[in-house]
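Student: I should like to learn how to read the features of a structure. May we look at one together?

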Amino acid sequence: MVFLYSLIFLAYNLFVGFLLVFIIKVFLFIPREKLYIGSKKVPFTPGFAFRKKDWLIQKLSSFLSDFLHDCKNEKDESMISKWELEVFKKTWDKLESIENIKFVPRAVKEKIHYFCSVLVYEIVKQFLRSFIPYLIENYKVSKYIDVFSQKLDMNMICGYFNKYVFKYMMLFSLAIHFLIGLGNMIVFLIIH
């Protein structure tokens, strides 16, 4: 009879292992649509992945427009200006070894150091402010964001999650909780 009581530990731990992984799936993918009770929307509906699809598309579009706006903005507070300045500083730091060259006058070393840092700065500036916007306009990246929005099928992602993630998470969780339950069962049998 004591052995049957000890099986409760095993069953309880397996249930907890199943529940933990199942709650993750419910949080991400269930329900697929907004639910209403009367006229009030039920919180956390639809599932997290379905809610964040629109957020992702909005973030991609705003990032693209912000980047293109910053490309035209020459002020120091723009994000691209900060990146360019960071590149200049890192290049300056990396080329500190120029100052250690012997048999070259100090003024020449400083000019070489400054010239190399400014050269890298200008290359990065042209790349970020001219080449990337040219590619964005030439390849019509904003249209690809719209296509991505239409093609992003959350049901397909849910299927991949079930096939490649959920199944293995469930097996791993059940194996760990089985061992924990087995340990609890053995400790119960020894104590009792």
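Tutor: Let us begin with one residue: leaving aside its neighbours within four places in sequence, V21 is in contact (heavy atoms within 4.5 Å) with F166, M169, M170 and S173. This is a predicted model, in which local features need pLDDT of at least 70, side-chain atom pairs count only at pLDDT 80 or more, and totals for chains, interfaces and linings use all residues. Residues are numbered from 1 along each chain as its sequence is written, and side-chain values use heavy atoms, with hydrogens and water left out.

Student: Which residues make up the largest nonpolar core?

Tutor: In soluble globular proteins, nonpolar side chains tend to be buried together. A nonpolar core is a set of buried (under 20% relative accessible area, 1.4 Å probe, protein chains only) Ala, Val, Leu, Ile, Met, Phe, Trp, Tyr and Cys residues joined through side-chain atoms within 4.5 Å. Here the largest has 10 residues: V21, F29, A49, F50, L152, M154, C158, F161, F166 and M170. At least two of them come from each of α1 (2–29), α2 (48–72) and α6 (154–191), and α6 gives the largest share, five residues.

Student: How many helices and strands are there in the chain?

Tutor: Helices (H or I, at least four residues) and strands (E, at least two) are DSSP runs, numbered from the N terminus. The chain has six helices and two strands, in the order α-β-β-α-α-α-α-α from the N terminus. Its radius of gyration, taken over C-alpha atoms, is 29 Å, well over the 16 Å of the globule rule (2.2 Å times the number of residues to the power 0.38) for 192 residues, so the chain is more spread out than a compact globule.

Conventions: Buried < 20%, exposed > 50% of the residue type's maximum accessible area, 1.4 Å probe, protein only.
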